[in-house]
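User: I'm new to reading protein models and keep tripping over the vocabulary. Can we go through this one together?

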Amino acid sequence: MSRLANVVFLLSTMLVAMPASAKDGQYGIGTPATDSEIAGWDIDIRPDGKGLPPGSGSVEDGEMMYEEKCASCHGSFGEGVGRYPVLSGGEGTLTEERPEKTVGSYWPYASTLWDYIHRSMPFPQPQSMTDEEVYAITAYVLYLNDLVEDDFVLTADNLASIEMPNKDGFFFDDRPDTSNTGCMKNCKDPASVKITSEPSIATLQEEESVAVIEVAPEGGEKIYQQACLMCHGAGVAGSPMTGDAAAWSDRIALGREKMVSNAINGIGVMPPKGGHIQLSDEEVASAVDYLIEQAIQD
Ligand code: HEC
Ligand code: HEC
């Protein structure tokens, strides 16, 4: 910046910093958003239909509008033109190597479709359509996915009742750290906390392209380091800490077999196999043996 520009810049920041009408506790810039401005942004639709404007549209009406406004990119049957997104089909492919995620195969709620189309489509003219058009085109895209019949009329009242095939494919994140509660008193001294990272990805063997963990006779310790230490090493999420005889004695008393099956199937917040489902049952068992050894050593 030249020196003159610096001065101009400085002056302009001073002007902003000293508004004539500064009110208490406010910067004195901007104006409160009006109800209609807020309404313009507040357009999200909830899975239960909350947020939908009144209105309706039929598959039949939607067909022509779709052909005119959407088919050039998404194809007449939702098959996608070129690299534009495919909107239909793909059922049962989610577990395949190349899943085809479409409205029908992937989306959990029909409300997302109304919201998405209303908010952002057609791509070059977002929010250019009337609510009635959005209802009709949404109905038609549902029809392309065999989710409604050809005489179906979509309304603000029936949208939430449409069952999407993959609605159960989503769940709340249940990994242990998502349910931790923040420590508010008598917390650990941060200086005493040591963050370490352990590779949890299986080692790649040279000749083979698949990742496998070697289980040597002493393999339990290795498995433990890769898959269990991250929790048991520090007692994360209430896990019994490695080598803490008191923490393990009751569990050991119930028998190795029970412990192994709990470690394989998960127990409490510990996910099956500690989350490392690529491990075989034998590998998990060898890590349990290692944990037992550590607990009963003096
Ligand atoms: C000019 C091309 C074009 C047109 C016309 C167009 N779209 Fe799209 N559409 C896109 C692109 C590009 C995306 C991906 C946008 C992104 O991922 O940010 C998309 C995404 C979508 C998606 C989400 C797909 C997914 O699985 O993520 C839906 C649903 C959709 N469009 C519906 C429509 C509808 C309905 C119309 C007609 C009203 C329409 N589109 C018109 C280009 C277009
Ligand atoms: C994400 C954290 C986490 C990981 C990773 C983890 N555990 Fe655990 N583990 C726990 C927690 C928490 C408990 C206590 C659960 C309870 O009793 O409610 C537990 C309990 C156990 C128990 C006691 C079971 C019983 O019968 O009482 C064994 C054995 C065990 N884990 C073995 C393992 C092994 C082996 C691994 C590695 C393959 C492993 N854990 C990885 C969190 C973890």
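User: What makes H7 roughly perpendicular to H11?

Analyst: This is a predicted model, and in it the axes of helix H7 (residues 219-227) and H11 cross at roughly 95°. Angles of 65 to 115 degrees count as roughly perpendicular, so H7 earns that label relative to H11. Their axes also come within 7 Å.

User: How do you know which residues of H7 and H11 meet?

Analyst: Being in contact takes C-beta atoms within 7 Å. On the H7 side, Gly-219, Gly-220, Glu-221, Ile-223, Tyr-224 and Ala-227 take part. Their partners in H11 are Glu-283, Ser-286, Ala-287, Asp-289, Tyr-290 and Leu-291. Sorted by class, the residues of this contact are six nonpolar, three polar and three charged.

User: Which helices supply at least two residues each to the shell around ligand 2?

Analyst: H11 turns up again here, along with helix H8 (229-232) and helix H10 (256-265). The shell has 28 residues, and Cys-228, Cys-231, Gly-268, Met-270 and Gly-274 come nearest to the ligand.

User: How many residues of each class does that shell around ligand 2 have?

Analyst: You'd find 17 nonpolar, eight polar and three charged residues. Cys counts as nonpolar and Gly as polar, so Cys-228 goes in the nonpolar group and Gly-268 in the polar one.

User: Where does pLDDT stay under 50?

Analyst: Over residues 7-22, with seven contacts beyond four places in sequence, and over residues 203-214, with 11 such contacts. For the chain, pLDDT averages 86, and 84% of the residues score at least 70.

Key:
Residues are numbered from 1 along each chain as its sequence is written. Chains are lettered from A and ligands numbered from 1 in the order in which they are written. This is a predicted model: local features need pLDDT of at least 70, side-chain atom pairs count only at pLDDT 80 or more; totals for chains, interfaces and linings use all residues. A residue is near a molecule or strand if its C-beta atom, placed from the backbone, lies within 6 Å of it. Helices (H or I, at least four residues) and strands (E, at least two) are DSSP runs, numbered from the N terminus. pLDDT is the predictor's confidence in each residue, from 0 to 100. Two residues are in contact if their C-beta atoms, placed from the backbone, lie within 7 Å. Axes are lines fitted to C-alpha atoms, for helices over the stretch in contact, and angles run from 0 to 180 degrees between N-to-C directions. Angles under 35 degrees count as roughly parallel, over 145 as roughly antiparallel, 65 to 115 as roughly perpendicular and the rest as oblique.
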